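Here are two short exercises on how two chains meet, each with a worked solution. Have the viewer ready and try each task before reading on.

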Number of protein chains: 2
Amino acid sequence: MDQQKLFVQIALHSWNTQIARAEKVFNSYSESEFYKQIAPGKNRIIYLYGHLAVYHDLLKETLGLDTGKYSVLSPLFLQNPDNQESEMPPVKELKAIWNEVHCDLKELFNNVAPEDWFKRHNAMTDADFEKDPSRNRLSVVLNRANHVAYHLGQVVLVKPENI
Amino acid sequence: MDQQKLFVQIALHSWNTQIARAEKVFNSYSESEFYKQIAPGKNRIIYLYGHLAVYHDLLKETLGLDTGKYSVLSPLFLQNPDNQESEMPPVKELKAIWNEVHCDLKELFNNVAPEDWFKRHNAMTDADFEKDPSRNRLSVVLNRANHVAYHLGQVVLVKPENI
């Protein structure tokens, strides 16, 4: 197999694995459990669900693949921590957003040519990229996969068992 | 830059970032805080610290680079969940193990030739590897970086702020 293609496959596998795990864990909770905190005084599941969905919607822009659709939700889920008094969109609506965002990303990712994954992302300048070509689109995706894992480790804490 | 070398750099950057973050977070806790649970009824910080150190000691074997030195700690930190009644090694001792394991890994990783990162790891057979060459040493390292992030999201919960 072409080396570039192989590496893209490895990196996207890391992303896909985390998204699949996240979906499995979030979907295992009832609607009322979405309002539980992961630990006393910390974020609720619904917040982290919206946080990941809106951050990944924005990922399309960071990668320069498309414009985000849900920037209106950024103040609620990205710019501020969870607040029990803020009005949340219904879980059902967030589920529709999550599914749409990740379906869109899947399609967008499938259409990126292997060599284009190694181009710079929109959050850095041409000059910076010349200095460090390892900070490309693929490294952003790996970084986001780690970010999903980070919050997933928190979301599982609402389960009764210790995992 | 040589492509293979670039891929390796991207993947190792993902690993190094998570290890550096983990060290920063663990080292921010006092010795007595290591005995706090990340959430009621869940693992203590000391358990997760030992869990990552021992798992990464074993990573040398999984990658076929060296033998692990701390398999004697596997029952305590890998094969069983945390148990408040089990006798833990002192935090000071675990810190020495953590540092040794990650120093060893750094040196081992530096000595792997770029093309050797794309060889199969020891947890899979030649036949399986032929079917799926993306399951190589580099994919194991990416997987372990996600695993660090997963537990790091838990360890930060002991901090008073909501992050």
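**Exercise 1.** Find which backbone oxygen lies 2.6 Å from a polar atom of the side chain of B:Gln154, and place B:Gln154 in its helix.

*Solution.* Step one: the oxygen belongs to A:Gly153. Step two: B:Gln154 sits in helix H6 of chain B (helices are DSSP runs of H or I, at least four residues, numbered from the N terminus). Step three: B:Gln154 is buried, because its relative accessible area is 0% and buried means under 20% with a 1.4 Å probe, protein chains only.

A word on the model: it is predicted, so local features need pLDDT of at least 70 and side-chain atom pairs pLDDT 80 or more, while totals for chains, interfaces and linings use all residues. Residues are numbered from 1 along each chain as written, chains are lettered from A and ligands numbered from 1 in written order, and side-chain values use heavy atoms, without hydrogens and water.

**Exercise 2.** Describe the interface of chain B and chain A: how many residues does each chain bring to the contact?

*Solution.* Step one: chain B brings 40 residues and chain A 37 residues, with contact meaning heavy atoms within 4.5 Å. Step two: there are zero salt bridges between the chains (a side-chain nitrogen of Lys or Arg within 4 Å of a carboxyl oxygen of Asp or Glu). Step three: on the side of chain B that touches chain A, helix H1 (3-27) and helix H6 (137-155) are the elements that give two or more residues. H6(B) gives the most, with ten residues.

Definitions and conventions
Buried < 20%, exposed > 50% of the residue type's maximum accessible area, 1.4 Å probe, protein only. Polar contact = N/O pair within 3.5 Å; in protein donor to acceptor, adjacent residues only side chain to side chain.
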